[in-house]
Amino acid sequence: MDIEIKNTTEILQDYLNYIQDEVKIKKTPLGFEKIDKLLNGGLPNGLITLGAIPSLGKTTFIASYAFMNSGLESIHIPATCMQISMAAFMNCKNLQEVIIEEGLENISSRAFKFVGAKEIKLPASITFLGNSIFDKNTKLLIPKDNQAIERYLDSSKHMNYEYYE
C-alpha cells in the first residue's frame, strides 16, 4: 500500500478547496483588490489565521482571531495597518496598553472585547467600527467630529469616552 505524502501547500490548498466547495460560507474581503480577486472574494469567514498579513514588510491587516485569548500585554498598531478584523484581540485579559497610530480605518466586531486595557485612543482616520468592539468599562479617547465613531457610540450606548483635539 502506497502512502501519499503531501507538502504543506497541498494540504492547505485541499483545506481551502474543502471550505469553498463543501461548507459554502461567506468570504471576507481583505481590502486589496488583486489579493481578493486571487482568493475569489477574500478569506473564508471562520478560517482561523494567526498573526498579521504583511505587505512589503509592513503590517496592513490583522486577521480575525489573530491574538484571541493570548497573553499579549501590549500592542502597537502601526500607521500602515488599515484593518483590525473580528475578535483579533478578544479576551486578551493581560492586554494593558493599546497604541493605535493614525491610518487605521476599520475595526471589526469584538476586536477588543474583554481586554485588560483601561483606555484606548482611537485615531481620526477611523471610517468604520463594527459591533461590540469594546467593553463598557474601557474608556475611549476619541477625536471630535468623526461620524463613524459617533455612530458607534450611539448604537452601542458606550458612555465611557472623552474627546481629544
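Phe 114 sits in the loop that runs between strands S8 and S9. The model that shows this residue is a predicted one. Phe 114 is not a glycine, yet its phi is positive, at about 65°. With a relative accessibility of 36%, Phe 114 falls in the partly exposed class.

The same loop is also the place of Ser 108, between strand S8 (106-107) and S9. Is Ser 108 buried or exposed? The relative accessible area of Ser 108 is 15%, and the limit for a buried residue is under 20%, so Ser 108 counts as buried. Leaving aside residues up to four places away in sequence, Ser 108 touches Gln 83, Ile 84, Ser 85, Met 86, Gly 130 and Ile 133.

One of these contacts, Ser 85, leads to another loop. Ala 66 lies between strand S4 (58-62) and strand S5 (74-77), in the loop that links them. Along the chain, Ala 66 and Ser 85 are 19 residues apart, and their C-alpha atoms are separated by 8.5 Å. Ala 66 is buried, at 9% relative accessible area.

The loop of Ala 66 ends at strand S5. Side chains along S5 alternate between two faces. Ile 75 and Ile 77 point to one face and are buried. Ser 74 and His 76 point to the other face and are not buried. S5 runs parallel to strand S7 (residues 97-100), and 4 bridges join the two strands. Within this pairing, Ile 77 of S5 has Ile 100 of S7 opposite.

The next part to follow is the sheet that contains S9. This is an open sheet of 3 strands, paired in parallel, in the order S9-S11-S12. S9 and S12 stand at the edges with a single partner strand each, so each has one side without a neighbour in the sheet. On average, and with direction ignored, neighbouring strands of this sheet are turned by 20° against each other.

Now take the pairs one at a time. Strand S9 (residues 119-121) pairs with S11 in the parallel sense, over 3 bridges. Ile 120 stands opposite Leu 140 in S11. The bridge partner of Lys 121 in S11 is Leu 141. Leu 141 also stands opposite Glu 162 in S12. The pairing of S11 with strand S12 (residues 161-164) is parallel too, and it is made by 4 bridges.

How much of strand S11 is buried? S11 covers residues 139-143, and 4 of its 5 residues are buried, which leaves the strand mostly covered.

After S11 the chain enters a loop that leads to H3, and Asp 145 lies in this loop. Asp 145 has a phi near 65°, a positive value in a residue other than glycine. Is Asp 145 buried or exposed? The cut-off for exposed is over 50%, and Asp 145 has a relative accessibility of 76%, so Asp 145 counts as exposed.

Helix H3 spans residues 147-156, and together with S11 and S12 it makes a right-handed β-α-β unit. H3 packs on the sheet and touches S11 and S12. The direction of H3 makes about 145° with that of S11.

Two cysteines come next. Cys 81 is buried, with a relative accessible area of 0%. Cys 92 is likewise at 0% relative accessibility and counts as buried. How many disulfides does the structure hold? The number is 0.

Last come the totals for the protein. The protein contains 3 helices and 12 strands. It has 165 residues, of which 37% count as buried. Among contacts with a separation of 6 or more, 15% are between residues 24 or more positions apart. The protein exposes about 10,300 Å², and carbon and sulfur atoms supply 54% of that area.

Key. Residues numbered from 1 in each chain as written. Predicted model: local features only at pLDDT ≥ 70, side-chain atom pairs only at ≥ 80, totals over all residues. Heavy atoms only, no water. Buried < 20%, exposed > 50% of the residue type's maximum accessible area, 1.4 Å probe, protein only. Pairing = 2+ DSSP bridges. Right-handed = clockwise from strand over helix to strand, strands pointing away. Axes fitted to C-alpha atoms, helices over the stretch in contact; angles between N-to-C directions. Contact = heavy atoms within 4.5 Å. Disulfide = S-S within 2.5 Å. Areas by Shrake-Rupley, 256 points an atom, 1.4 Å probe, with all protein chains shown as cover.
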